[in-house]
Amino acid sequence: MTTPEGKIKKQIVDDLEAMGAYVFKPVQMGYGKRTVDLLVCWRGQFIGIEVKRPGKTPTPLQVETLDEVRAAGGIAFWVDNREDVRAQLANLERNLI
């Protein structure tokens, strides 16, 4: 059975892959460095995305991880629906042109 968050992740991954993005979904096993739900390369940009179910927000550790991605020059954000990802990428695309 897929969780509400899992359904949103699948929609987002499907959208990203349809846009030609490379998407990696790390499986957190308690070893090594923690990361966000989706690591994406799109149009030469490194993007970290944390996906939450509607009504939830990232934990302090997830916020810290998003901040680390930004500090390293990547793009990082959290979403609770596929439309927010589309909007973020549309904004990024406008800035790349």
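Student: What makes up the lining of the largest pocket in this predicted model?

Tutor: The largest pocket holds about 200 Å³ of space. It has 14 lining residues, and those closest to its centre are Q28, T35, D37, E50 and Q62. Helix 2 (residues 60-71) gives the largest share of the lining, three residues. By class, the lining has four nonpolar, five polar and five charged residues.

Student: D37 also turns up among the salt bridges, right? Which residues are linked with D37 in a network?

Tutor: E5 and K9 are linked with D37 in a network of salt bridges.

Student: How do you know that K10 and D14 form a salt bridge?

Tutor: Check the distance. Their N to O gap is 2.8 Å, and the cut-off is within 4 Å for a Lys or Arg nitrogen and an Asp or Glu carboxyl oxygen, so the pair qualifies. K10 and D14 are four residues apart in helix 1 (residues 4-18), which puts about one helical turn between them. By the salt-bridge rule, the count comes to seven.

Student: Why is D15 called buried, and R82 partly exposed?

Tutor: D15 has 15% relative accessibility, and buried means under 20%, so D15 makes the cut. R82 has 22%, which falls between the 20% and 50% limits, so R82 is partly exposed. The two form a salt bridge, with the closest N and O atoms 2.8 Å apart. D15 sits in helix 1 and R82 in helix 3 (residues 82-96), so the pair ties together parts 67 residues apart in sequence.

Student: What makes R43 stand out in its backbone?

Tutor: R43 has a positive phi of about 55 degrees, although R43 is not a glycine. Most residues other than glycine have a negative phi. You'll find R43 in the loop between strand 2 and strand 3 (45-51).

Student: And how do you know that R43 is exposed?

Tutor: R43 comes in at 53% relative accessibility; exposed means over 50%, so R43 passes. R43 also forms a salt bridge with E93, with the closest N and O atoms 2.3 Å apart. That pair links distant parts of the chain, as E93 is in helix 3, 50 residues apart from R43. E93 has 27% relative accessibility and counts as partly exposed.

Student: Which residues make the nonpolar surface patch, and why does M29 fit in?

Tutor: V27, M29 and Y31 make the patch, about 450 Å² of it. M29 has 61% relative accessibility, and patch residues need over 30%, so M29 clears that limit. M29 lies in the loop between strand 1 (22-24) and strand 2 (38-42).

Key
Residues numbered from 1 in each chain as written. Predicted model: local features only at pLDDT ≥ 70, side-chain atom pairs only at ≥ 80, totals over all residues. Heavy atoms only, no water. Patch = residues over 30% accessible without salt bridge, like charges linked within 9 Å, V, L, I, M, F, W, Y side chains within 5 Å. Areas by Shrake-Rupley, 256 points an atom, 1.4 Å probe, with all protein chains shown as cover. Salt bridge = Lys/Arg side-chain N within 4 Å of Asp/Glu carboxyl O. Helix = DSSP H or I, 4+ residues; strand = E, 2+ residues; numbered from the N terminus. Buried < 20%, exposed > 50% of the residue type's maximum accessible area, 1.4 Å probe, protein only. 1 Å grid on protein atoms, 1.4 Å probe; cavity = no way out; pocket = protein on both sides within 12 Å on 5 of 7 lines; lining within 4 Å. Points joined across faces, edges and corners; volume = space filled by probe spheres on them. Nonpolar A, V, L, I, M, F, W, Y, C, P; charged D, E, K, R; others polar.
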